[in-house]
Amino acid sequence: RLCCHALITCAIKPLHVIRYHGGCMARFVIAGKANCPFYARAEALADRLSAVLPNFKVCKIPVAAPEWNEWLQDTCTRNGWKHSTSPLVWRELVDRGGKGLYMGGLDEFVEYGRHYYSIEPATTPAMEAQIAAENNQTLQQMCTEGQQTVSEDHLVVCVTCSSTSLSYHLFGHIASGKTFNHRPVELRLLDEEEARPQLEGVAMELMDMASPHLVGVVCTSSPEEAFANASVVFVLGPADHTPSTSPSGGGPADHTPSTSIHNEIPPDGEKFGDKLGTSPHLLAAAHSYIKYAQAMDRVSRKDVKVLVCGEHTNVAVALIARTATSLDQRNIIGASTLLEQKARSIVASKLNLNANCVGHIAILGKARGQPAVDLSPCQVCQYPGAITGPPSFSLPVDQCILEPLWMQSLSSLLTTTPAAVMCEAAGISKLMNVWMEGAPDWKSVVVSPACTLSGVPEGVAFSLSATCSSGYWTPTITAFPPHLLPNVQQQGITLQQELQVVMDMMLK
């Protein structure tokens, strides 16, 4: 008995998912509890009016009984109405625009049909009770079938530290469908409880986008709830919590909760910071990474793809890989795309070209700071030199920049260039898209404990140039360039010592 254009409000909302389902714009809208006999009488009267009057249009909104009071309160608050019973009837001015025109309840709708068209309901109390039972049963079946369909087809995607500027820009790529090739996504926003107001604001903005690729948005401070059955997890580093606002002027300001585990410096934290010049906040961040890894190990899918991006990407990837032992280690990687994009931008600026004209640059070792930069695979297109060719023609970068000292100093230039949050979010989105869809010819820089070469200490997550095939990343080189080998080996030793210091401190 449910109208095929009805606006359905599902009674079962797993993980407090916010869902909006579209319906047709109608001249008359009748909403009520699905098991309400008065709603059944109003529905029957609307059917009679539709049969007699060709231009009479109606939209029916059956709402599950447990959700009725909340739904009614939200609707009346949004429209400035006062109503407390089932059903609720209003008129949509589709030919004029604007908000709906409140009519009232069952009595007002019956009086409307009697006064204007001399038509009254032709149902008995027994018929109305039967219609109400059928409505309630059909609604429950539709909700169950809809949830089964969504659970089978959509991706569960979790983003940690979801109140930061980086996550804010990443959500735009996810909602647009670029990241997951237009697949439906249930997005879960994970952050500290103190950040809940920011998360709810972000969730409201996402739902206001009415993206067809978002089936729901969840705000939570529980890793178990966020990672449950997750297909993809973006682990954004807690060090990204620096006070700022989004570049567009809107969106959440990055928060710095005073009681957050991200900012607690444990005992001996300053001593830890003195070793190897490591930030004392790394140990606090390590606690978060291990907490995330333990939760993913318990409740996530075993083939979950984990992408780490933050100030301590190398250590974070290694800690998660060591802790979440039941997960496929090849599916735990870190992103060095920002450094690669910075390097390409610096080289392009040197050559007075667009960054798109500069090819892949390998970032070796650390994902942040001063890594080893390998320019040997880099090709430059559209360079106005002595030798030119079609747009696809390229030259090695060392034939375009004849300054060996400048090329050797590129690593230090990466630390002086300001971070670009929008650029980093775009790089993360592109990296995940390649990982999900596959692009064997597309080279990227990833941090992975599963991608190792001779010269890298065992157990260290090292940044390497890699390609993705069949869902797994493979290094593009079999050995490090001889001129970079000493630098690479030193970075490997530093990362191993840094990881060991963190592990030792965690055991105390």
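Let's start where two helices meet: helix H5 passes helix H14 in a right-handed crossing. Keep in mind as you look around that this is a predicted model. To find the pair, look for residues 165–176, which form H5, and residues 421–437, which form H14. Their axes come within 8 Å and cross at roughly 50°. In general, two packed helices are described by just these two things, the angle between their axes and the distance between the axes.

So what do we call the way H5 and H14 lie to each other? An angle of roughly 50° is neither under 35 degrees nor in the range of 65 to 115, so it falls among the oblique ones. H5 and H14 are therefore oblique to each other.

Now zoom in on the residues that touch. H5 brings Ser165, Leu166, His169, Leu170 and His173 to the contact. On the other side, H14 offers Val421, Met422, Glu424, Ala425, Ala426, Ile428 and Ser429. Sort the residues of this contact by class and you get seven nonpolar, four polar and one charged.

Next, head over to a sheet. Here four strands make an open sheet in the order E2-E1-E3-E4, and the pairing is mixed. Which strands sit at the edges? They are E2 (58–63) and E4 (101–104), and each of them pairs on one side only. Neighbouring strands of the sheet are turned by 20° against each other on average, if you ignore direction.

Strands of a sheet pair through backbone hydrogen bonds, either parallel or antiparallel. Take E1 (residues 28–33) and E3 (residues 88–91): these two pair in the antiparallel sense, over four bridges. You can pick out one partnership by eye, since Ile30 has Val89 in E3 as its bridge partner. A helix joins in as well: H1 (residues 37–52) packs on the sheet and touches E1 and E2. The direction of H1 makes about 165° with that of E2.

For a single residue, try Ala285, which you'll find in helix H9 (residues 281–299). Is Ala285 buried or exposed? Its relative accessible area is 3%, so Ala285 is buried. Gly237 is 48 residues away from Ala285 along the chain, yet their C-alpha atoms are separated by 7.6 Å.

Finally, step back and take in the whole chain. Its secondary structure comes to 15 helices and 17 strands. Of its 508 residues, 50% count as buried. And among contacts between residues at least 6 apart in sequence, 72% join residues at least 24 apart.

Note on methods. Residues are numbered from 1 along each chain as its sequence is written. This is a predicted model: local features need pLDDT of at least 70, side-chain atom pairs count only at pLDDT 80 or more; totals for chains, interfaces and linings use all residues. Side-chain values use heavy atoms; hydrogens and water are left out. Two strands pair if DSSP finds at least two bridges between them. Axes are lines fitted to C-alpha atoms, for helices over the stretch in contact, and angles run from 0 to 180 degrees between N-to-C directions. Contact means heavy atoms within 4.5 Å. Angles under 35 degrees count as roughly parallel, over 145 as roughly antiparallel, 65 to 115 as roughly perpendicular and the rest as oblique. A crossing is left-handed if the near helix is turned anticlockwise from the far one by less than a right angle, and right-handed if clockwise. Ala, Val, Leu, Ile, Met, Phe, Trp, Tyr, Cys and Pro count as nonpolar, Asp, Glu, Lys and Arg as charged, and the others, Gly among them, as polar. Buried means under 20% relative accessible area, exposed over 50%, partly exposed in between (1.4 Å probe, protein chains only).
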